[in-house]
Amino acid sequence: METLTFRTRELAKVYGEGRSAVHALRGVDLDIPKGEIVVLLGPSGSGKSTLLNIIGGLDRATGGDAFFRDRNLTAMTDRELTRYRRDHVGFVFQFYNLMPSLTARENVELVTEIARDPMDPDTALAMVGLHDRVDHFPAQLSGGEQQRVAIARAVAKNPTVLLCDEPTGALDSTTGRAVLNVLKNVNEKLGATVLIVTHAASQAAMADRVIHFADGGIRKIEINETKLAPEEIEW
Ligand SMILES: Nc1ncnc2c1ncn2[C@@H]1O[C@H](COP(=O)(O)OP(=O)(O)OP(=O)(O)O)[C@@H](O)[C@H]1O
């Protein structure tokens, strides 16, 4: 039975070489079970984004292995990695990366037009509470609303995994909680495995699993027996 979404073994990433080499990941062994919400905490520069980018197929490791289910990402061709990303991965970044000249619906359609098993863009926008803003342009939306469009875009392809890098980094507490609530809904309703990279330690309370990262490696893993709802999180 398939129970792990990601598994890494001795995963390593070195940027550059020689005296300027940066060891961003120093042999990471990590198991991420299917359907969990996982929060990745750690100081700036500890390698969190690097890990997310490798398991999301945006970047390549320089050592070790990273598996998505039983497929080794480190052995894939560029074409296979692109296919993997397109079929399985939704990304949410701190800055929303929306196309300013397109409406909310059109921004979501950019993804649904090329996805294998997409949902209707309006359904995705309704999921994030923006059913009445589908024809608005990014400049007509608040930061939190723009982030929700970005989440709608990421979930509209029905992703297996949702990888979020500082998704609330640019948001105030009320808006940030609303965005976390959307991520929780996506996890519950679509069954997507959700990884959230954050500096905000309090967000660990909503996770099934908390991974503490430091200096390119895992320092500690905590399993939460009880989770807080996003609305209950301190900011
Ligand atoms: N393209 C790159 N070239 C060289 N070094 C890089 C590159 N990308 C990241 N690094 C370095 O790798 C290390 C890990 O970076 P990474 O962005 O993964 O950390 P992080 O934990 O996500 O940090 P932050 O919380 O600040 O985003 C850092 O020392 C960073 O400077």
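**Exercise 1. How many of the 13 residues of helix 5 are buried?**

Before starting, note that this is a predicted model, in which local features need pLDDT of at least 70 and side-chain atom pairs count only at pLDDT 80 or more, while totals for chains, interfaces and linings use all residues. Residues are numbered from 1 along each chain as its sequence is written.

Step 1. Locate the element: helix 5 covers residues 143-155, where helices (H or I, at least four residues) and strands (E, at least two) are DSSP runs numbered from the N terminus. From its first C-alpha to its last it reaches 18 Å, close to the 18 Å expected, the expected span being 1.5 Å times one less than the number of residues.

Step 2. Apply the burial criterion, under which a residue is buried if 20 or more other C-beta atoms lie within 10 Å of its own, exposed if 12 or fewer, and partly exposed in between, with C-beta atoms placed from the backbone. By this criterion 12 of the 13 residues of helix 5 are buried, among them Gly144, Arg148, Ile151 and Val155.

Step 3. Identify the cover, counting two residues as in contact if their C-beta atoms, placed from the backbone, lie within 7 Å. What covers the buried residues includes strand 6 (89-92), helix 3 (104-112), helix 4 (121-127), strand 7 (161-165) and helix 6 (173-190).

**Exercise 2. Determine which elements supply the shell around the ligand, and its character**.

Step 1. List the shell, taking a residue as near the ligand if its C-beta atom, placed from the backbone, lies within 6 Å of it; the surrounding residues include Tyr15, Val22, Ala24, Lys48 and Thr50.

Step 2. Assign them to elements: strand 2 (22-33) and helix 1 (48-55) each supply at least two residues, and the largest share, three residues, comes from helix 1.

Step 3. Sort by type, with Ala, Val, Leu, Ile, Met, Phe, Trp, Tyr, Cys and Pro as nonpolar, Asp, Glu, Lys and Arg as charged, and the others, Gly among them, as polar. The shell then divides into three nonpolar, eight polar and one charged.

**Exercise 3. Establish in which sense strand 9 pairs with strand 3 and with strand 10**.

Step 1. Strands pair if DSSP finds at least two bridges between them; strand 9 (residues 209-214) and strand 3 (residues 37-41) pair in the parallel sense over four bridges, with valine 38 opposite arginine 209.

Step 2. Strand 9 and strand 10 pair in the antiparallel sense over six bridges, and isoleucine 211 stands opposite isoleucine 221. Their hairpin has two residues between the strands, and in it aspartate 215 takes a positive phi near 50 degrees.
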